[in-house]
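This report goes through one structural model by region. Please keep the sequence and the 3D view at hand while reading.

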Amino acid sequence: MPNQPNAFDTHDHSHCTTDGLARAEGILALRKQRLTPVRRQTLQILLAEHRALGAYEVLDKLAEAGFGKQPPVAYRALEFLVEHGLAHKVRRLNAFAACMHPETDHAPVFLICRGCNALAETAAEPVRAALDAAAHAAGFTVERTSIEALGLCPKCKVAA
Ligand SMILES: [Zn+2]
Ligand SMILES: [Zn+2]
Ligand SMILES: [Zn+2]
């Protein structure tokens, strides 16, 4: 993905949140959907860290931000973000992560650090193309994928 910082590299993180919120507003405006205050806060919470957060972590942070501790509200906001491609569900961690390139329709490929839970989303197209080719050879049609690779990020690899 051009111009997207690699979550594992040191980068000016302030842009990740502001750019992410601006992109989300643009995408939702085209779909005549609203980034309500609770949806916006939920996305901001996810964008603040390159890490997948569990629903309860999000709930706690929403409460800290003054949105009350209401699990259905948090779940609905997370579901909305996932539905509109602004966040992904990371099944392995049973958690949610902000999408770093929501303007493209894509099947995410996640690199998850088992040391610090840092998470990067990487270019999915080549992986998906290879998977489709292998599936096609087996007479299989892929409808949905969730590709999650577990390993060590550069920082944790140095520490190991
Ligand atoms: Zn960042
Ligand atoms: Zn994504
Ligand atoms: Zn790590």
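The sections below cover the metal sites, the main pocket, and some points of the backbone.

## Status of the model

The structure is a predicted model. The values below were computed from its atoms, and local features were taken up at a pLDDT of at least 70.

## Zinc ion, ligand 1

The protein donors of the zinc ion (ligand 1) are three histidine nitrogens and one cysteine sulfur: H11 (NE2), H13 (ND1), H50 (NE2) and C16 (SG). They lie 2.0 to 2.3 Å from the ion. The angles subtended by the 4 donor atoms run from 102 to 124°, and the arrangement is therefore tetrahedral. Four donors count as tetrahedral if all angles lie between 85 and 135 degrees.

Along the chain, the donor residues follow the spacing H-x1-H-x2-C-x33-H. Within this set, C16 and H50 link distant parts of the chain, being 34 residues apart. C16 sits in helix 1 (residues 14-30), and H50 in the loop between helix 2 (37-47) and helix 3 (55-64). C16 has a relative accessible area of 5% and is buried. H50, with a relative accessible area of 17%, is also buried, because the cut-off for that class is under 20%.

## Zinc ion, ligand 2

The zinc ion (ligand 2) is held by H88 (NE2), C99 (SG), H106 (NE2) and E121 (OE), at distances of 1.9 to 2.3 Å. Here the 4 donor atoms subtend angles of 94 to 131°, which makes this arrangement tetrahedral.

The sequence spacing of these donor residues is H-x10-C-x6-H-x14-E. Two of the donors, C99 and H106, are both buried.

## Zinc ion, ligand 3

Four cysteine sulfurs coordinate the zinc ion (ligand 3): the SG atoms of C113, C116, C153 and C156, at 2.2 to 2.4 Å. The angles among the 4 donor atoms are 106 to 112°, and the site is tetrahedral. In sequence the donors are spaced C-x2-C-x36-C-x2-C.

C116 belongs to the loop between strand 3 and strand 4, whereas C153 belongs to the loop between strand 5 (147-151) and helix 6, so the pair ties together parts that are 37 residues apart in sequence. The accessibility of each of the two was also computed. C116 is partly exposed at a relative accessible area of 37%, while C153 is buried at 5%.

## The largest pocket

How much space lies in the largest pocket? The volume is about 430 Å³. Its lining is made up of 22 residues, and V82, H88, H106, A107 and P108 lie nearest the centre. Helix 4 (71-83) and strand 1 (87-90) are the elements that give two or more residues to this lining. Strand 1 gives the most, with 3 residues. By class, the lining has 9 charged, 7 polar and 6 nonpolar residues.

Two of the residues nearest the pocket centre, H88 and H106, are also donors to the zinc ion (ligand 2). A107, another residue nearest the centre, is found in the loop between strand 2 and strand 3. A107 is buried, with a relative accessible area of 16%. Its C-alpha atom is 12 Å from that of A87, which is 20 residues away in sequence.

## Backbone with positive phi

Most residues other than glycine have a negative phi. Against that background, two asparagines deserve a look. N94 has a phi near 50° and is found in the loop between strand 1 and strand 2 (95-98). At 52% relative accessibility, N94 counts as exposed, because the cut-off for exposed is over 50%.

N117 has a positive phi of about 65°. Its place is in the loop between strand 3 (109-113) and strand 4 (119-122). N117 is partly exposed, with a relative accessible area of 33%.

## Helices 5 and 6

Helix 5 (residues 125-137) has 13 residues, which at 1.5 Å a residue should span 18 Å. The C-alpha atoms at its ends are 18 Å apart, so the model agrees with the expected span. G139, which follows helix 5, has a positive phi near 70°.

Helix 6 (residues 154-159) includes P154. At 40% relative accessibility, P154 is partly exposed. P154 and L59 are 95 residues apart along the chain, and their C-alpha atoms are separated by 30 Å.

Conventions
Residues numbered from 1 in each chain as written. Chains lettered and ligands numbered in written order. Predicted model: local features only at pLDDT ≥ 70, side-chain atom pairs only at ≥ 80, totals over all residues. Heavy atoms only, no water. 1 Å grid on protein atoms, 1.4 Å probe; cavity = no way out; pocket = protein on both sides within 12 Å on 5 of 7 lines; lining within 4 Å. Points joined across faces, edges and corners; volume = space filled by probe spheres on them. Helix = DSSP H or I, 4+ residues; strand = E, 2+ residues; numbered from the N terminus. Nonpolar A, V, L, I, M, F, W, Y, C, P; charged D, E, K, R; others polar. Donors = N, O, S within 2.8 Å, 3.2 Å for Na, K, Ca; no water. Tetrahedral: all angles 85-135°; square planar, octahedral: opposite > 155°, others 65-115°. Buried < 20%, exposed > 50% of the residue type's maximum accessible area, 1.4 Å probe, protein only. Expected span 1.5 Å × (residues − 1).
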